There are 2 protein chains.
Amino acid sequence: MDVAVLSASMTQFGTREGWVRDLATEAALDCLDDTGVGASAVDHLYLSNMASGEFEGQTGVMNALAYDIGAVPAYTQRVGQTSASGGAGLYAAWQSIASGASEMTLLVGAEKMTHRTTGEASDIIASLTHPSEYAHGVTLPSFAGLAARLYLDRFDAPRESLAHVAVKNHDNARNNPDAQFQKSIDVETALESPMVADPLRLYDYCPLTDGSAALLFCPASVAREYADEFVVLSGVAGATDTHVVHERDDPTWMDAVAASGEQAFEMAGLGPDDIDVAELHDMVTLLEPLQLEAFGFAERGEGWRYAMDGTTTRDGSLPVNTSGGLKARGHPLGATGVAQAVEIYRQLLGEAGQRQVEAEAGLTCNVGGFGNCVTSAVLEVAR
Amino acid sequence: MDVAVLSASMTQFGTREGWVRDLATEAALDCLDDTGVGASAVDHLYLSNMASGEFEGQTGVMNALAYDIGAVPAYTQRVGQTSASGGAGLYAAWQSIASGASEMTLLVGAEKMTHRTTGEASDIIASLTHPSEYAHGVTLPSFAGLAARLYLDRFDAPRESLAHVAVKNHDNARNNPDAQFQKSIDVETALESPMVADPLRLYDYCPLTDGSAALLFCPASVAREYADEFVVLSGVAGATDTHVVHERDDPTWMDAVAASGEQAFEMAGLGPDDIDVAELHDMVTLLEPLQLEAFGFAERGEGWRYAMDGTTTRDGSLPVNTSGGLKARGHPLGATGVAQAVEIYRQLLGEAGQRQVEAEAGLTCNVGGFGNCVTSAVLEVAR
């Protein structure tokens, strides 16, 4: 069965007031708005969220959301896969439609983070690592520093290649009214920003963000009743790597990206050459070239060239993170994987405004932890 | 597609050492043991868990589990639906097989609670209620007291009718070596136990519990390659009610139980009369008669008679909670819905030892909060 995405929405990302429930409600109602689908027609409601219990002491948010938008008695479930909860939500929504369980599934990704201090939030995020790492104080930013040093040394890549990822993604966010940081930066600013984990600096990392994004799924046959044009989720898959990062043969190669990508491509009947636009998980700049390589867009050790030489800029042959990416659109953990698909939806249907590119097929990649579990998805314009 | 349950296991429930990951690993490996299915054949791994982040600061348990049992690169996801996370896991596993995404899905439910004080655990559990309730200090035990008074008054039911639920379930647990409390109690003990929320007393409530349970799912066509006899998950569905309990017309009627039950029965092509054994969500004794009524096993206002008159005892016409139920087998939040299906699996295949009843079809009901979201499932012996 072809699984359609009938509608897509996201809230303004950034520092927001209220509870995560408020953000989720805003995105959900906006997603239903103008579709002709009432909330009472939603039979399955999935909430992608990493840590509302830890961030605000609320674990029944999906049930509150069902009530707040008027979807009771729809079935609800919280989909959890750490920082890849949104991508896992795409997969859960696909399964609910493809299995025949649902005729209309609303997926909402949401996280509210900025009301906590950076230290508190970092501690919550670090809970996704292995306890042996967590107990020793290892965090994702420090992993990234170690892996970046290895990558730059091994492939003789210049330090500024990573700065170019940040510059590109900020430049894209400047044209995205929903993005957290709608401003450009230059390479010098990135290279001179405060050190975080040598060799990586402040501008290599994504911020803490509040935000929500939503997608409405149904069988393609049902979508045709509501809309002339829509998007199809033609491939979606997920895979794990070792949970302990030091167990990996090579921390500069993302096995779970490669495995989930192969499966998603096979399911869609497409390959890397067929992808016109991609939203990759740039929690840290380094991850963008690593994903380009694991998906086969770039040769091994060559991914760092793509932001520098313009391949992945908006006018390049493979625009990456036209939304601004996690770096500049922002990274509200559970919302990110959903927001990635929202951006691809908008690009495919010509709704991306000043950042519009030409695209018939797009890819999203949402990474849990340092590649501990990854979901990849292929979206195409419905024909 | 017929979705098979090929194997079922659970750990000893009670006060356990270690992390939730240890309990989940124990149940998972035990579930694979003797099936002929290696961990590497598991392509999807779902972890039903309510609050490992809150209980022990770990949110990547499903990824750790995949590595610990040797299932990498299997896709993993945490399934969250508060105290009904286990039932939601049954539904997620069904969808993964029925959609064709998976050929072999391992579902593990687990929670580790007893290392926290009763106060801390109660606070974590109360996070599943609506913030307006939570902020005012309302907890599930206090809701239950209010609803019990209403129910007993309205239907002229004797107080001891609820005590009989506890007595019956303790009597069943005495014959379940995996149960937390393997001892009988009498009605007087229940009625004289310390008051919790008038009119309910200590023995009306389930305990805090550590434990894990697991089920292995695959298409029935695949199950036949591995086993001569197995179980089929022939019906499964979920539904929400209002998240704010006081918004309901009648807190003694469980809308979400009725709605999910109707859907699960319709999917299985069965009705209440076809069910030979049931595991209901007796977080508090009152909930057992309420579920009997909502499913249509008992007339409205008559459910309280069933434990008293022997209808739901082991030698009655509809044995309920032969495992001991949440009351005496224990209630490790995310594990409970899975453990309910483990008990039905064992009853259907004649593996229930001293508590064995005759059954060809069984029902489980897992309740999130005070009926905020409920999943119901019908399991049958494969033919």
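**Figure 1. Packing around helix α5 of chain B.** The buried residues of α5(B) pack against four helices of chain B: α2 (52–56), α6 (131–134), α7 (140–154) and α15 (333–348). The model shown here and in every other view is predicted. Helix α5 spans residues 118–126 of chain B, and its buried residues are A121(B), I124(B), I125(B) and A126(B). In an α-helix there are 3.6 residues a turn, so residues three or four places apart point the same way.

**Figure 2. Helix α3 of chain B and the glycine that follows.** Helix α3 of chain B covers residues 61–69. Because 7 of its 9 residues are buried, helix α3 of chain B is largely enclosed by the rest of the structure. The buried residues of α3(B) are V61(B), M62(B), N63(B), A64(B), L65(B), A66(B) and I69(B). G70(B) comes just after α3(B) and has a positive phi of about 85°. One of the buried residues, M62(B), is also among the contacts of Q77(B), the subject of the next view.

**Figure 3. Surroundings of Q77(B) in strand β3.** Q77(B) sits in strand β3 of chain B, which runs over residues 75–80. Its relative accessibility is 2%; buried means under 20%, so Q77(B) counts as buried. Contacts with residues within four places in sequence are left aside here. From chain A, Q77(B) is in contact with Q77(A), R78(A), V79(A), G80(A), Q81(A), A88(A) and A92(A). From chain B, the contacts of Q77(B) are L45(B), Y46(B), L47(B) and M62(B).

**Figure 4. The axis relating chains A and B.** Chain A is superposed on chain B by a rotation of 180° with 0.0 Å of shift along the axis, at an RMSD of 0.0 Å. This is the relation of a two-fold axis. In chain A, the C-alpha of S99(A) is the one nearest the axis, at 1.9 Å. Both copies use the same surface, as 100% of the contact residues of chain A recur in chain B.

**Figure 5. A84(B), a buried loop residue.** The loop that holds A84(B) lies between β3 and α4 (85–98) of chain B. A84(B) has a relative accessible area of 0% and is therefore buried. Not counting residues up to four places away in sequence, A84(B) touches N366(B), V367(B), G368(B), C373(B) and T375(B). V37(B) is 47 residues from A84(B) in sequence, and their C-alpha atoms are 28 Å apart.

**Figure 6. D249(B), an exposed loop residue.** D249(B) is placed in the loop between β8 (231–240) and α11 (255–268) of chain B. Its relative accessible area is 82%; exposed means over 50%, so D249(B) counts as exposed. From C-alpha to C-alpha, D249(B) and G86(B) are 28 Å apart, with a separation of 163 residues in sequence.

**Figure 7. Two cis peptide bonds in chain A.** The bond between V72(A) and P73(A) is cis, with omega about 10°. P73(A) belongs to the loop between α3 (61–69) and β3 (75–80) of chain A. A cis peptide bond also runs from D198(A) to P199(A), with omega near 10°. P199(A) is in the loop between β5 (195–197) and β6 (200–201) of chain A.

**Figure 8. D156 in both chains.** D156(A) is a residue other than glycine with a positive phi, near 50°. The loop containing D156(A) lies between α7 (140–154) and α8 (160–173) of chain A. At 68% relative accessibility, D156(A) is exposed. In chain B, D156(B) likewise has a positive phi near 50° and lies in the loop between α7 and α8 (160–173). D156(B) is exposed, at a relative accessible area of 68%.

**Figure 9. Chain A as the setting for the close-ups.** Chain A contains 15 helices and 11 strands. Its radius of gyration is 19 Å, close to the 21 Å given by the globule rule for 383 residues, so chain A is as compact as a globular protein of that length. Along the principal axes, the C-alpha atoms of chain A fill a box of roughly 55 × 45 × 40 Å. Of the 383 residues of chain A, 69% are buried. Among contacts between residues at least 6 apart in sequence, 78% join residues at least 24 apart. The exposed area of chain A is about 11800 Å², of which carbon and sulfur atoms supply 46%. Chain A carries 22 positive and 53 negative side chains, and the centres of these two sets are 5 Å apart.

Notes:
Residues are numbered from 1 along each chain as its sequence is written. Chains are lettered from A and ligands numbered from 1 in the order in which they are written. This is a predicted model: local features need pLDDT of at least 70, side-chain atom pairs count only at pLDDT 80 or more; totals for chains, interfaces and linings use all residues. Side-chain values use heavy atoms; hydrogens and water are left out. Helices (H or I, at least four residues) and strands (E, at least two) are DSSP runs, numbered from the N terminus. The radius of gyration is taken over C-alpha atoms; the globule rule is 2.2 Å times the number of residues to the power 0.38. Buried means under 20% relative accessible area, exposed over 50%, partly exposed in between (1.4 Å probe, protein chains only). Contact means heavy atoms within 4.5 Å. Accessible areas come from the Shrake-Rupley method with a 1.4 Å probe; for residues, only the protein chains shown count as cover. Lys and Arg count as positive and Asp and Glu as negative; His and the chain ends are not counted. The place of a charge is taken as NZ of Lys, CZ of Arg, CG of Asp or CD of Glu. Copies are superposed by least squares on the C-alpha atoms of residues with pLDDT of at least 70 in both.
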